[in-house]
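Reader: I've got a model open and I'd like to learn how to read its features. Can you walk me through it?

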Amino acid sequence: MGWIETTGGYAVALDGTRVLCRNAAGRTLKQVPPKLKDDAEVVRLRQLAEWLERHERECREQVDTWLVRSLPVPVALLARVWPDAAWQSALRDLVVAPVAADGSADRERAGFLRDADPARGLGIVDLDGDSVWLDAAEVETVLIPHPVLLEELAELREFAAELAVEQGAEQLFREVWRRPEAAEGGAGSPAGGGTAQDWRAYADGKFAQLRHATARAVSLGYRVRGGQAVCPLVENGRQLEAAYWLGDDYPESEALTGSLEWRDTAGRRLPLAEVGPVAWSEGERMAALVYAGRVVESDEEKAL
């Protein structure tokens, strides 16, 4: 963006989401002088910068929703938003795969997204390292597969490193969790000794105040409802949600986390054996991220 002349011989410009200022001598200053704080041009650029930051965040959140919920994305939509730098940053280098006839991802034709054009379709680097196009006339929708669904994920990560891939949205390097055998609910397992509807691997996490736990969940992008951190999910077209107990006492009271569970839109708790791979991974991811903020006592404190 070019320089805009303002009062006192100063000029301002926007560099990404940062407002720059130079003086009458043409020297770029470290910061905008306080006397220009209320200048109309400075205020306008700062408002634009705030909008751009919000737009970039919303683009990443939308792409993350497509990934987590396994939602098919029209190729025409990707081509339309591609010229927008914020959308392109969020989408570029994600692994995309054409939607097969049965609604699954055609992984044989998957590749790293590098371009999108209304007429040509999607330009990708396929898993053999070749640059190819997914023809818009043939491929109408694609999936952005969750990494837990990608076979040979470790090899894909190595290939991405060779290509110097930097994904704007977490996909390949998103940490994944897979349902262990203990989740069937055997005696002594974190599932609760045979209940098989709740996973207690992240139970008993201590927070000095309940509001610390809820604030952490919200800061991570999760909703808090009825004493639980909640993550809406879609698995094979079925709407679900993962719920992790934080507590429902006074916000200033001490809190211990409870179990993690999954339920359908009717509120029915699912047996752990029915929880699909994406729902399991994202539910446990939520619990692990919140649990990581607990109070950890030192060995000396435990001994007292």
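Author: Sure. Let's start with contact, which here means heavy atoms within 4.5 Å. Keep in mind that this is a predicted model.

Reader: Okay, take Glu 235. Which residues does Glu 235 touch, not counting residues up to four places away in sequence?

Author: With those neighbours left out, Glu 235 touches Leu 240, Gly 276, Pro 277, Val 278 and Ala 279. Glu 235 itself sits in strand β12. One of those partners gets a polar link too: the Glu 235 side chain reaches the backbone nitrogen of Val 278 at 3.1 Å.

Reader: And how far away is the nearest side chain of opposite charge?

Author: A salt bridge needs a side-chain nitrogen of Lys or Arg within 4 Å of a carboxyl oxygen of Asp or Glu. Glu 235 is buried and has no salt bridge, with Arg 179, the nearest side chain of opposite charge, 8.5 Å away.

Reader: Now helices. How do I read α5, and which of its residues are buried?

Author: The general idea first: an α-helix has 3.6 residues a turn, so residues three or four places apart point the same way. In α5, which spans residues 210-219, the buried ones include Leu 210, Ala 213 and Ala 217. Looking down the axis of α5, the buried residues fall within an arc of 70 degrees, so they line one face of the helix. Val 218 and Ser 219, on the other side of α5, are exposed.

Reader: What covers the buried residues of α5?

Author: The cover includes strands β10 (206-207), β11 (223-225), β12 (228-235) and β14 (255-256), plus helix α6. Just after α5, Gly 221 takes a positive phi of about 100 degrees.

Reader: Which non-glycine residues should I look at for positive phi?

Author: Try Asp 93, at about 75 degrees, and Ala 164, at about 60 degrees. Asp 93 is in the loop between α3 (85-91) and β5 (95-98), while Ala 164 is in the loop between α4 (153-162) and β10.

Reader: Are those two buried or exposed?

Author: The cut-offs are under 20% relative accessible area for buried and over 50% for exposed. Asp 93 has 6% relative accessibility, so Asp 93 counts as buried. Ala 164 has 57%, so Ala 164 counts as exposed.

Reader: Last one: which residues touch the most other members of the largest nonpolar core?

Author: Among its 55 residues, Val 63, Leu 91, Tyr 244 and Trp 262 do. Helix α6 (residues 277-291) gives the most to this core, with 7 residues. Another core lies apart from it, with 14 residues, including Ala 110 and Leu 143.

Notes
Residues are numbered from 1 along each chain as its sequence is written. This is a predicted model: local features need pLDDT of at least 70, side-chain atom pairs count only at pLDDT 80 or more; totals for chains, interfaces and linings use all residues. Side-chain values use heavy atoms; hydrogens and water are left out. A nonpolar core is a set of buried Ala, Val, Leu, Ile, Met, Phe, Trp, Tyr and Cys residues joined through side-chain atoms within 4.5 Å. Buried means under 20% relative accessible area, exposed over 50%, partly exposed in between (1.4 Å probe, protein chains only). Helices (H or I, at least four residues) and strands (E, at least two) are DSSP runs, numbered from the N terminus. The arc is that of the directions from the helix axis to the C-beta atoms. Lys and Arg count as positive and Asp and Glu as negative; His and the chain ends are not counted. A polar contact is a pair of N or O atoms within 3.5 Å; within protein, one must be able to donate a hydrogen and the other to accept it, and residues adjacent in sequence count only if both atoms are side-chain atoms.
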